[in-house]
Amino acid sequence: MKITTLKSLDKMITSIKINHAKRVLHFQLSYLAEMKNIHRFLICIAALTLASVASANHLKTANHLSETVLPNMQATPVATALPTEKSMLETSMMNQTNTSPNASSERELIVLVGDSTVTGKSRDKDQAGWGWALQQWTTDDIEVINTAVGGRSSRSFRSEGRWDDALKLTPDWIFIQFGHNDQKGKGPERESAPETDYRDHLRRYIQEAREHGAQPILVTPVCRRTYSVDGTLRDSLAPYAESVRIVAQEMQVPHIDLHNYSLNQLAQITDKEAIQRFSPEGTTDRTHFSLSASRIVAQWVLNLLEVEVPELASHFIRPNEVLNQE
């Protein structure tokens, strides 16, 4: 069967009535189309579809494929990629025998929107945003899809079409965190003044999320780990955090004050300790997180969520080793 357009692929998915798989696949279509190789395109669509159908647990397999298989395929010849993809198809088909038809449709969906402090695990570094850890702690009745991308701001995430892609997933909840790349010096395609454009961007995100039936939750930007000579923590993101609080109150949406929480936590340790506990291995990076630090920050997010939106926080279970770090 020859399929040459995204529209016809979408009809194929709809025809087999896989509602939740469609959520996942819509996010993947634009990425796969850029590969301009119909063979890889169709193989990956089939693999993701079958993995999503198999069971509620196998929806996590679809996320795993999107994080590991798809990025690697960009530099992989078709001849060498096909055996691995064939293996994925066979495994997914075998697992269909235990499929529960209502398992995926009953699950709520959270979509994460933001920058590198939120995004998934790096392919080649000890680095991940807090969203990566959060995805690992879900109960069976909820799913988290992380659409955050490093280097994006409240302006560029929209201008690149990524916000539209997030809405196409038809989420129940959308977490929105920006600020780091909105700061002055990031260039006109990303910068947004905290008291003006940045607030307008947040208002528009909230309005459009609601129009699509999603509940937006604003997140203040996590604090950078930059210390002065005297050992005090410098806070360059305070104006953006304050704007999030103002817009959240103005538009009556929940907000997670991750900035204030992280500021208080980081103020209790030294610059050296911050590097040891939070920076990716082998670096003195004061913005991004190591994998272990991603879990710590995700824990902070859940601590705050338990206060602001307790009914949503109940859908997460934290590992004991993370709880012991409190």
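## Helix 11 against helix 13

Helix 11 and helix 13 cross at roughly 125 degrees, and their axes come within 10 Å. This is a predicted model. Angles from 65 to 115 degrees count as roughly perpendicular and those over 145 as roughly antiparallel. The pair fits neither class, and the two helices are therefore oblique to each other. Their crossing is right-handed.

Helix 11 brings Leu-258, Tyr-261, Ser-262 and Gln-265 to the contact. Helix 13 brings Val-297, Trp-300, Val-301, Asn-303 and Leu-304. By class, six of these residues are nonpolar and three are polar. None is charged.

## Trp-300

One residue of this contact deserves its own look. Trp-300 sits in helix 13, which spans residues 291–308. Is Trp-300 buried or exposed? Its relative accessible area is 5%. Buried means under 20%, so Trp-300 is buried.

Which residues does Trp-300 touch, beyond its neighbours within four places in sequence? They are Leu-258, Tyr-261, Ser-262, Gln-265 and Phe-278. Gln-265 is 35 residues away from Trp-300 in sequence. In space, the two C-alpha atoms are 9.6 Å apart.

## Helix 12 and its cover

Phe-278, a contact of Trp-300, belongs to helix 12. This helix runs over residues 271–278. Ala-274, Ile-275 and Phe-278 are its buried residues. Seen down the helix axis, they fall within an arc of 100 degrees, so they line one face of helix 12.

The other side of helix 12 has exposed residues, Lys-272 and Gln-276. What lies over the buried residues? The cover includes helix 11, residues 258–266, and helix 13. These two helices also make the oblique crossing described above.

## Helix 9 against helix 10

Another pair of helices also packs together. Helix 9 covers residues 197–211, and helix 10 covers residues 238–250. Their axes are 10 Å apart, at an angle of about 40 degrees. Angles under 35 degrees count as roughly parallel. This pair lies outside that limit, and helix 9 and helix 10 are therefore oblique to each other. The crossing of helix 9 and helix 10 is right-handed.

On the helix 9 side, the contact holds Tyr-198, Arg-199, Leu-202, Arg-203 and Ile-206. On the helix 10 side are Tyr-240, Ser-243, Val-244, Ile-246, Val-247 and Glu-250. Seven residues of this contact are nonpolar, one is polar and three are charged.

## His-315 in a loop

Where does His-315 lie? It is in the loop between helix 14, residues 310–313, and helix 15, residues 320–323. The relative accessible area of His-315 is 12%. The limit for buried is under 20%, so His-315 counts as buried.

Neighbours within four places in sequence are again set aside. His-315 is then in contact with Glu-108, Trp-137, Thr-138, Thr-139, Asp-141 and Ile-142.

## The chain as a whole

How many helices and strands does the chain have? There are 15 helices and five strands. The chain has 326 residues, and 52% of them are buried.

Consider contacts between residues at least 6 apart in sequence. Of these, 72% join residues at least 24 apart. Trp-300 and Gln-265, 35 residues apart in sequence and in contact, are one such pair.

Note on methods:
Residues numbered from 1 in each chain as written. Predicted model: local features only at pLDDT ≥ 70, side-chain atom pairs only at ≥ 80, totals over all residues. Heavy atoms only, no water. Helix = DSSP H or I, 4+ residues; strand = E, 2+ residues; numbered from the N terminus. Buried < 20%, exposed > 50% of the residue type's maximum accessible area, 1.4 Å probe, protein only. Contact = heavy atoms within 4.5 Å. Axes fitted to C-alpha atoms, helices over the stretch in contact; angles between N-to-C directions. Left-handed = near helix turned anticlockwise from the far one by under 90°. Nonpolar A, V, L, I, M, F, W, Y, C, P; charged D, E, K, R; others polar. Arc of directions from axis to C-beta.
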